[in-house]
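Here is a short briefing on a protein model. Look at the sequence and the 3D view first, then read the points below.

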Amino acid sequence: NNKSVEITGFSREEAMGQDLVKVYISEEFRDQVSMVLTNALRGQETANFEFPLFTKNQQRVEVLLNATTRRDVTGRPIGVIGVGQNITDRKQVEMEKTR
């Protein structure tokens, strides 16, 4: 969507068909992000999961993710709705306050 293009610097065309976890998530967080998405596919939603994402220019962006299960009319899980928010500025302010 437009927000992910803005945050990552990757165009829609560059991002389409790519494995989100393998391509955009740092190695140290891949297993955790993958588990959050897998759990959502199983009906176990996750709120307020924080992880770093790297932009096209290799800048680190802190993301707050909420992963919600998308269900069909019978209630069967059919996908994941992921809502990510750029919290980089907030994290920097928090770090400055603790110094």
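The points below cover the sheet, the helices on it and the salt bridges.

This is a predicted model. Its sheet is open and has 3 strands. The structure also holds 6 salt bridges.

**The sheet**

- The strand order is S1-S2-S3, and the pairing is antiparallel.
- S1 and strand S3 (77-86) are the edge strands, as each pairs on one side only.
- Neighbouring strands of the sheet are turned by 35 degrees against each other on average, direction ignored.
- S1 and S2 run antiparallel and are joined by 7 bridges.
- Across from Thr46 stands Ala67 in S2.

**Helices on the sheet**

- Helix H4 (residues 27-41) packs on the sheet and touches S1, S2 and S3.
- The direction of H4 makes about 140 degrees with that of S1.
- H5 packs on the sheet too, touching S1, S2 and S3.
- The direction of H5 makes about 125 degrees with that of S2.

**Salt bridge Lys56 to Glu14**

- Lys56 and Glu14 form a salt bridge through their side chains, at 2.6 Å from N to O.
- Lys56 lies in the loop between strand S1 (46-54) and strand S2 (60-71), while Glu14 lies in helix H2 (residues 12-15), so the pair ties together parts that are 42 residues apart in sequence.
- Are these two residues buried, exposed or partly exposed? Lys56 is partly exposed, with a relative accessible area of 40%. Glu14 is partly exposed as well, at 31% relative accessibility.
- Partly exposed is the range between 20% and 50%, so the 40% of Lys56 falls inside it.

**Salt bridge Lys91 to Glu50**

- Lys91 and Glu50 form a salt bridge, with their closest N and O atoms 2.9 Å apart.
- This pair links distant parts of the chain: Lys91 is in helix H5 (residues 88-97) and Glu50 is in strand S1, 41 residues apart.
- Lys91 counts as partly exposed, at 24% relative accessibility.
- Glu50 counts as partly exposed, at 30% relative accessibility.
- Which residues share a network of salt bridges with Lys91 and Glu50? Arg90 and Glu94 are linked with them in that network.

**Salt bridge Asp72 to Arg76**

- The side chains of Asp72 and Arg76 also meet in a salt bridge, at 3.2 Å from N to O.
- Asp72 is partly exposed, at 22% relative accessibility.

Terms used. Residues numbered from 1 in each chain as written. Predicted model: local features only at pLDDT ≥ 70, side-chain atom pairs only at ≥ 80, totals over all residues. Heavy atoms only, no water. Salt bridge = Lys/Arg side-chain N within 4 Å of Asp/Glu carboxyl O. Helix = DSSP H or I, 4+ residues; strand = E, 2+ residues; numbered from the N terminus. Buried < 20%, exposed > 50% of the residue type's maximum accessible area, 1.4 Å probe, protein only. Pairing = 2+ DSSP bridges. Axes fitted to C-alpha atoms, helices over the stretch in contact; angles between N-to-C directions. Contact = heavy atoms within 4.5 Å.
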